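Student: I am new to this structure and would like to look closely at a single part of it. Could you take me through the helix that comes earliest in the numbering, together with what surrounds it?

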Amino acid sequence: IRYFNYLMLRRGDEIWIEQRMEKDIWRQLYQFHLQESLNEKRPEEVLVDFLEGQHSQENELSLKQVHSLKPHKLSHQTIHICVLEAVAKNGFKLPATAQGQWVGIKELDGFAFPRPLRNFLDRNQLTLPL
C-alpha cells in the first residue's frame, strides 16, 4: 500500500508539473508535486512538508480544495491518491529542491499523465480549452 499526496500548485492560469524520472511506476510521465508517505497525511502536513525551511510570507500557499481519488490498484500494489489544490499567493517562490515547470492550463493535454491524474484533470475540466 502506497500513499501519494499530490500538491497541485496553481499560479494564475498555470500549474506546476514535474516528470517522474525514478525507476518506479509511471516513469517519464508527468505529475503534480508528489509527497509519498507510509500512511495517510492531513493536508496541512503536506503543505508544511513542502514549505519546510521557507519561512517568508512571500512563500505562502492558499489551500483551495482537497480531492481524494479512489484507490488505484496495480498488480502488486494499491495506491491511495490525494490531490491538494493550492493557489500560490503573490511573490510565491518554489523551494530550491523543486524540479519541474509551470505549464498553462490549456497546454496540459499535451503532457502524458498517469491514468488517475489524467482522469482527475478531465473530470475537473482542466484539460479542456478555456
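Tutor: What follows starts with the helix and then moves outward to its surroundings. The model is a predicted one, so a word on confidence comes before the details: the mean pLDDT of the chain is 86, and 91% of its residues reach 70 or more. Among the elements of the chain, helix H1, which covers residues 43-50, has the lowest mean pLDDT, at 84, while the highest, 96, belongs to strand E3 (residues 30-31).

Within H1, the residues Val-46, Leu-47 and Phe-50 are buried. Seen down the axis of the helix, these buried residues fall within an arc of 95°, and therefore they line one face of H1. The cover over these buried residues includes strand E1 (2-11), strand E4, strand E5 (61-68) and strand E7.

Of these covering strands, E7 spans residues 78-88 and holds Leu-84, a residue that counts as buried because its relative accessibility is 1%, under the 20% cut-off. Leaving aside neighbours within four places in sequence, Leu-84 is in contact with Pro-43 and Val-46, and its other partners are Tyr-6, Leu-7, Met-8, Leu-63, Gln-65 and Val-66. With Val-66, the C-alpha atoms are 4.6 Å apart in space, although 18 residues separate the pair in sequence.

Strand E4, another part of the cover, runs over residues 33-37 and includes Ser-37, which is buried with a relative accessible area of 11%. Beyond its neighbours within four places in sequence, Ser-37 is in contact with Tyr-3 and Asn-5, and a polar contact of 3.1 Å joins the side chains of Ser-37 and Asn-5.

The strands E1 and E7 also lead to the nonpolar interior. The largest nonpolar core has 22 residues, of which Phe-4, Tyr-6, Ile-17, Phe-32, Ile-81, Val-83 and Phe-113 touch the most other members. At least two residues of this core come from each of E1, strand E2 (14-19), E7 and helix H2 (115-123). A second, separate core of 15 residues includes Cys-82, Phe-92, Ala-98 and Trp-102.

As for Ile-81, its contacts outside its neighbours within four places in sequence are Phe-4, Tyr-6, Trp-26, His-67, Ser-68, Leu-69, His-72 and Pro-116. Tyr-6 is thus a contact of Ile-81 and also one of the contacts of Leu-84, the residue with which the walk outward from H1 began.

Conventions. Residues are numbered from 1 along each chain as its sequence is written. This is a predicted model: local features need pLDDT of at least 70, side-chain atom pairs count only at pLDDT 80 or more; totals for chains, interfaces and linings use all residues. Side-chain values use heavy atoms; hydrogens and water are left out. Helices (H or I, at least four residues) and strands (E, at least two) are DSSP runs, numbered from the N terminus. Buried means under 20% relative accessible area, exposed over 50%, partly exposed in between (1.4 Å probe, protein chains only). Contact means heavy atoms within 4.5 Å. A polar contact is a pair of N or O atoms within 3.5 Å; within protein, one must be able to donate a hydrogen and the other to accept it, and residues adjacent in sequence count only if both atoms are side-chain atoms. pLDDT is the predictor's confidence in each residue, from 0 to 100. The arc is that of the directions from the helix axis to the C-beta atoms. A nonpolar core is a set of buried Ala, Val, Leu, Ile, Met, Phe, Trp, Tyr and Cys residues joined through side-chain atoms within 4.5 Å.
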